[in-house]
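Biologist: I should like to learn how to read a model of this kind, feature by feature. May we begin with overall form and then proceed to helices and charged pairs?

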Amino acid sequence: MRTSFAPSNPEREQPLRGPTSLRRFLAALRAFLHGFVGHTALPHDCAAARHALDRQASGRGRCC
Amino acid sequence: MGALRGLLWVVVSILGAFSLGTIALARGEALSSAWFLVAAVCIYALGYRFYSRFLALRVFALDASRPTPAVRLADGKDFIPSNRWVVFGHHFAAIAGPGPLVGPILAAQFGYLPGTLYIVIGVVLGGAVQDFTILVGSLRRDGKSLGQMVRDEIGPIGGAAALVGVLAIMIILIGVLGLVVVNAMFGSPWATSTVGATIPIAILMGIYMTRIRPGRVLEATVLGLGLVVLALFGGRWIDENEALRVYFDLDKRTIALSIIAYGFIASVLPVWLLLAPRDYLSAFIKIGTVALLAAGLLIVHPPVQLPALTQFIDGSGPVFAGKLFPFCFITIACGAISGFHALISSGTTPKLLASEPDARMIGYGAMLMESFVAIMALLSAAVMEPGVYFAINSPASLIGTSVAEAATTISGWGFPLDAAALERLTSEIGEHSLLSRTGGAPSLAVGMAEIFSQALGGPAVKAIWYHFAIMFEALFILTTLDAGTRVGRFMVQDLLGQMYAPLGRTSNLFSNLLASALIVSGWGYFLYQGVVDPLGGINTLWPLFGIANQLLAATALALATTIVLKTARPIYALAPALPLAWLLSVTMTAGVQKIWDPDRRIGFLAQADHLAGQLASGLIAPDKLAETQIVIFNNRLDAAVTALFMVLVTVVVCDAARVWRRTLRG
């Protein structure tokens, strides 16, 4: 099952490449937003979400 | 090319020094907020380019050829090598909470200068160093957590003290942040209804994505954001509807109990139903609003109205009592250095990094970005009229309950406040009163509404911007509260599991309910304590939160010093040791003063003794007897909690000092 917001998205493993600085910047921005929103680990199936949160509880969460 | 680059850094240095000099030396003349932004950006750039590079190359010797835990232990679940920008976004989202928004606002009572200097210098030399060092330490130790590293590097006593400290600090944190939300929603049906509406909207999104249209994230996102905008405008309609507004015009105790119930439910319910979609929705609003504030400040760059220093540096401040040293630094906390970041730097982030040198950008860089958010929050307060700032942030016991009384008192402090202008502002933002809306959130919202409305829409839409800002802050805090409660629940279940194994299973319903009830009772107690506190709660609890947070940072820096001493040239250990020495002096001084200071606005025991004396002399009205006894108990409890934090950190640092001595002797 695809989990576009889960950390296992293979897109994240792709190096950022672009012919121009602008494209590189936009690619970096997109990746940043992907990570920022993906931090919430919104998956498509509840079991994965629950499992992920249970497993990562020791280090995950919001700060002050 | 090299010479050109060198010249560029010389220009950045001169610009940064000139901007900082302008901020520091300006007295009495109009000062544009643009100077603050330029100074901050230049200092961050210099710190990142030179100091973090020194740390990366000399102190840590980061090596791209050394495989990270994400690469060596890749399992597609916990350990996943990821693009560095994705990890940066993930890390920033995890460390960015409401602390850097609220702390600088409260510390603005001392004037804009102390806060600005501490935020920009403290982050470069302290906060970012802590985050970076702990991240590298965890990277080199298979992604171990802070507690595990303290146990391994310092010893089991220090490890146990750190574990108890983290849990206790989390309880204080959530209670205090809950109080900020209570103060933001109290007396505001518009804010209460808008924030309340985000809960069913999140549940609807969760059901939509998992039951109605599984996997359609974009559709759910559009639906969720659309409904949030509707809730914002619907809040105004409710506020203007006499029949409906009474249901949302809640007193502080009811709001506090509602938040406690929400925390419990969010901890118990499946994460897909409430917590995950709510956090997802909040993420868009958070990043959008922070970007909007930066753009607004750049476009409008309003003049700063707060003086560089106020007379309240002597400790007589109305927002919270205590002198500039140590309370300014305790109050700012997260904008310059935050102990909680050490939990993230040793949590998921080291398990995602694909390359060791990326730790510099993520550990050091993300903290600089958080600090920039703190500077923007400080500016939101500094561009307001000082009289208005103090009217919002001072408790009713000091300024009275009417606008006329408040105007007289605050004008007497040397900050002219025009009663008619305050009433006009109150009306423009669609509120019924702005007096004594303590906690930092309402004043930040007023400042943001001023900046946003000047950039877009004018005074006619100020009310919409104000309530948008309140919703943004409440979402920021409630996502910390619900995720923190859940993480706290897991920690309690871990501890319970040590005593009786079935209680440690996260799938066990009874264990789930018991652990959730325990953690919610813990922070709920402090929240309720703040609500019934005669001084408004923030005065008492925010310094307690600051002390707790900074003591956790001291624990992290003690570990960082140990790691550097063991792995690099001893002289390099000064990089974490100097901020550690600063933090220990600040937090221990603040802790001692909060417990034993004879001024009852500062010292917990002095306040308890004063009230006990009044009680014994029969000076307390019969209907206030029970409440006074509770307040006396709460003050003594706060003194005991502060002492506990100080003892725990002393144990960790003494244990670490034993290791430093042994290491230095070879």
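Biologist: What radius of gyration does chain B have, and what would a compact globule have?

Modeller: Please bear in mind that this is a predicted model. With 666 residues, a compact globule would have a radius of gyration near 26 Å; the value for chain B is 24 Å, so the two agree. Along the principal axes, the C-alpha atoms fill a box of roughly 70 × 65 × 60 Å.

Biologist: Which secondary structure elements make up chain B, and how many of each are there?

Modeller: Chain B comes to 27 helices and 2 strands. As for contacts with a separation of 6 or more, 82% are between residues 24 or more positions apart.

Biologist: How much of chain B is buried, and how much surface does the chain expose?

Modeller: A residue counts as buried when its relative accessible area is under 20%. By that criterion, 62% of the 666 residues of chain B are buried. The chain exposes about 23,400 Å², and carbon and sulfur atoms supply 68% of that area.

Biologist: Let us turn to single helices. How does one read the span of helix α22 of chain B?

Modeller: The general idea is to compare the end-to-end distance with the span expected at 1.5 Å a residue. Helix α22 of chain B covers residues 462–499, which is 38 residues. From its first C-alpha to its last it reaches 55 Å, close to the expected 56 Å.

Biologist: Why is α22(B) described as largely enclosed?

Modeller: The reason lies in its burial: 33 of the 38 residues of α22(B) are buried, so the rest of the structure largely encloses this helix.

Biologist: How many residues of helix α17 of chain B are buried, and what covers them?

Modeller: Helix α17 (residues 386–393) is mostly covered, with 8 of its 8 residues buried. Among them are B:Y389, B:F390 and B:N393. The cover includes α5 (99–107), α16, α18 (396–399), α19 (403–412), α20 (419–428) and α21 (441–455) of chain B.

Biologist: Now the charged residues. What is the general idea behind a salt bridge?

Modeller: Side chains of opposite charge can pair when their charged atoms come close. The cut-off here is a nitrogen of Lys or Arg within 4 Å of a carboxyl oxygen of Asp or Glu. The count by this rule is 17 salt bridges over all chains.

Biologist: Which parts of the chain does the pair of B:R66 and B:E356 link?

Modeller: In this salt bridge the closest N and O atoms are 3.1 Å apart. B:R66 lies in the loop between α2 (34–59) and α3 (69–72), whereas B:E356 lies in the loop between α15 (340–345) and α16 (358–382), 290 residues apart. B:R66 counts as partly exposed, at 37% relative accessibility, while B:E356 counts as buried, at 2%.

Biologist: Which salt bridges does B:E153 form?

Modeller: B:E153 pairs with B:R141, with closest N and O atoms 2.9 Å apart, and with B:K566, at 3.0 Å. B:K566 lies in helix α24 (residues 538–567) and B:E153 in helix α7, so this pair ties together parts that are 413 residues apart in sequence. B:K566 is partly exposed, with a relative accessible area of 36%. B:E153 is buried at 13%, and B:R141 is buried at 16%.

Biologist: Which residues are joined into one network by salt bridges that share partners?

Modeller: Such salt bridges join B:R66, B:R140 and B:E356 into one network.

Note on methods: Residues are numbered from 1 along each chain as its sequence is written. Chains are lettered from A and ligands numbered from 1 in the order in which they are written. This is a predicted model: local features need pLDDT of at least 70, side-chain atom pairs count only at pLDDT 80 or more; totals for chains, interfaces and linings use all residues. Side-chain values use heavy atoms; hydrogens and water are left out. Helices (H or I, at least four residues) and strands (E, at least two) are DSSP runs, numbered from the N terminus. The expected span of a helix is 1.5 Å times one less than its number of residues. Buried means under 20% relative accessible area, exposed over 50%, partly exposed in between (1.4 Å probe, protein chains only). A salt bridge is a side-chain nitrogen of Lys or Arg within 4 Å of a carboxyl oxygen of Asp or Glu. The radius of gyration is taken over C-alpha atoms; the globule rule is 2.2 Å times the number of residues to the power 0.38. Contact means heavy atoms within 4.5 Å. Accessible areas come from the Shrake-Rupley method with a 1.4 Å probe; for residues, only the protein chains shown count as cover.
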